Amino acid sequence: MASAGLQLLAFALALSGVSGVLTATLLPNWKVNVDAGSNIITAIVQLQGLWMDCTWYSTGMFSCSLKDSVLGLPTHVQAARAAMVLACVLSALGICTCTVGMKCTRLGGDRESKSHTCFAGGVCLVSAGISSLTPTVWYTKEIIANFLDLTVPESNKHEPGGAVYIGFISAMLLFISGLIFCTSCVKKRAEALLYPSKQQHIPISQPEDNSAYSLKDYV
């Protein structure tokens, strides 16, 4: 029951991680630049994401433009795109695989098969966590380096947006859930090897009992 409870907790963490990774991938606020201008009426908030750039004016207008050119993007943006998409795919695959291999479900065949399936799902979730953690850290490093660069004008400096924090937290949730699934499956396999079932001794003792009963009836 303890391992089943841990798997349910890991599944909840994985669902939160998948939702967070997908949200972070689509949000346009990976980089934020606030230009107050001469007064608050002319304030402009510039948001830059992986797929689009948006501008919000203090007057209430909001406009976005898609990033059509892939080759014209910086290297860290291209890598972040690929890594976040890969994280979404791996996390979705891990969720489906862990659903089949969880102890509380009736899918996946016998206990050994479910253990292998659960371990494979945990590996997918760990890989998804690493895949989503890498671009968030790299993207944040580029933002900080650009912010501290004295040759860059103040108007071109940005700060990390909410999408970066969501991606980082989601990556940690996926990584932790994957570790829980992997360790729970390894523990069950180790217990099965160290403490084999006593049912293996039943066929050996059964013929002796039958022979004893047959001799008693004969006498």
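**Reading a predicted chain**

Modeller: This is a predicted model. Of the contacts in the chain with a separation of 6 or more, 62% join residues 24 or more positions apart.

Biologist: What makes two residues a contact?

Modeller: Contact means heavy atoms within 4.5 Å. The 62% is therefore a share of pairs that meet this cut-off.

Biologist: Why are strand 3 and strand 4 said to pair?

Modeller: Pairing needs at least two bridges between the strands. Strand 3 (residues 52-57) and strand 4 (residues 62-66) have five bridges, in the antiparallel sense, so they pair. T55 in this arrangement stands opposite S63 in strand 4. The two strands form a hairpin with four residues between them, and G60 in the turn has a positive phi of about 110°.

Biologist: What is the pattern of helices and strands along the sequence?

Modeller: The pattern reads α-β-β-β-β-α-α-β-α-α, which comes to five helices and five strands.

Biologist: How do you know which element has the lowest confidence?

Modeller: pLDDT gives the predictor's confidence in each residue, from 0 to 100. Among the elements, helix 5 (residues 202-218) has the lowest mean, 48, and helix 2 (residues 75-101) the highest, 91. The predictor's confidence is therefore lowest, on average, in helix 5.

Biologist: What contacts does the model have for residues 210-216?

Modeller: For residues 210-216 there are zero contacts beyond four places in sequence, and pLDDT stays under 50. Residues 197-202 also have pLDDT under 50 and zero contacts beyond four places in sequence. Over the chain, pLDDT averages 80, and 78% of the residues score at least 70.

Definitions and conventions:
Residues numbered from 1 in each chain as written. Predicted model: local features only at pLDDT ≥ 70, side-chain atom pairs only at ≥ 80, totals over all residues. Heavy atoms only, no water.
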